[in-house]
Amino acid sequence: MSTTEHGEQEFMRRCETIISALPIRHPFELRAFLDALGQQQGMSVILGRMPLRRGGVSGLLARTREECWLTVVAKAVPAHAAHIAFHEIGHWILGHPGNHACGRRTRPDDRWEVEAEQFACLLREHVKAGAARHRDRLPPGRTALRAAFGSRRHLCADA
């Protein structure tokens with residue numbers, strides 16, 4: 001096994017350990033998750049939306065001692081917005097220094113960007129797996145009943 005492969009496996013194990021300790025509840029709702037994550041980390045998490053400018057930023061993370069500002073592009077569909085948020089959370093939870101603006105012009109060889117993206121993908125898969133387990137435990141027709149009465153909570157479960 002090469003040093004690179006060993007480092008990659010170690011990073012993935014580190015991410016899995018971190019993700020397993022996150023306050024993820026089902027049905028999954030991004031806002032509730034961010035509130036619980038903020039409580040766990042001892043700070044407020046402010047989630048905002050921003051317009052997408054041509055070639056611009058799709059996600060932004062800015063931190064102070066008491067607050068974490070997490071912004072995603074306004075036109076992102078819920079699943080993509082959650083992924084962008086997961087990416088920015090990756091920067092935060094992995095301890096990447098500074099604030100981050102991520103978009104099309106971000107260098108793909110930037111180690112912190114690669115790590116944040118890998119973290120986001122692992123977190124998304126963890127949420128999806130938990131959502132599937134949660135749906136399997138629901139009585140038959142429960143999701144359809146929610147949809148019939150206008151609840152959109154079930155739409156975020158696959159984020």
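**Close-up views of a predicted model**

**View 1. The lining of the largest pocket is a mixture of residue kinds.** The residues that line the largest pocket divide into 2 nonpolar, 6 polar and 3 charged, where Ala, Val, Leu, Ile, Met, Phe, Trp, Tyr, Cys and Pro count as nonpolar, Asp, Glu, Lys and Arg as charged, and the others, Gly among them, as polar. This is a predicted model, in which local features need pLDDT of at least 70 and side-chain atom pairs count only at pLDDT 80 or more, while totals for chains, interfaces and linings use all residues. Residues are numbered from 1 along each chain as its sequence is written, and side-chain values use heavy atoms, with hydrogens and water left out.

The largest pocket holds about 170 Å³ of space, and of its 11 lining residues the closest to the centre are S58, H87, C102, E113 and E117. A pocket is an open set of points, on a 1 Å grid over the protein atoms alone, where a 1.4 Å probe fits and protein lies on both sides within 12 Å along at least five of seven lines; lining residues have an atom within 4 Å of a point. Points are joined across faces, edges and corners, and the volume is the space filled by probe spheres set on them. Helix 3 (78-93), strand 4 (100-103) and helix 4 (111-137) each supply at least two lining residues, and the largest share, 5 residues, comes from helix 3. Helices (H or I, at least four residues) and strands (E, at least two) are DSSP runs, numbered from the N terminus.

**View 2. Four strands form an open sheet with mixed pairing.** The strand order is 1-3-2-4, and strand 1 (44-50) and strand 4 are the edge strands, each pairing on one side only. Two strands pair if DSSP finds at least two bridges between them. On average, neighbouring strands are turned by 15° against each other, direction ignored. Helix 3 packs on this sheet, touching strand 1, strand 2 (57-63), strand 3 and strand 4, and its direction makes about 35° with that of strand 2. Contact means heavy atoms within 4.5 Å; axes are lines fitted to C-alpha atoms, for helices over the stretch in contact, and angles run from 0 to 180 degrees between N-to-C directions.

**View 3. Bridges join the strands of the sheet.** Strand 1 and strand 3 (residues 67-73) are parallel and share 7 bridges, and I46 has W69 of strand 3 as its bridge partner. Strand 2 pairs with strand 3 in the antiparallel sense over 5 bridges, in a hairpin with 3 residues between the two strands, and R63 stands opposite C68 in strand 3. Strand 2 also runs antiparallel to strand 4, joined to it by 4 bridges, with A101 in strand 4 as the bridge partner of L60.

**View 4. A salt bridge lies within helix 1, and a cis peptide bond follows in the loop after this helix.** E10 forms a salt bridge with R13, their closest N and O atoms being 3.0 Å apart. Both residues lie in helix 1 (residues 3-20), 3 residues apart, about one turn of the helix. The whole structure contains 4 salt bridges, each a side-chain nitrogen of Lys or Arg within 4 Å of a carboxyl oxygen of Asp or Glu. The peptide bond from H26 to P27 is cis, with omega near 5°, and P27 is found in the loop between helix 1 and helix 2 (30-41).
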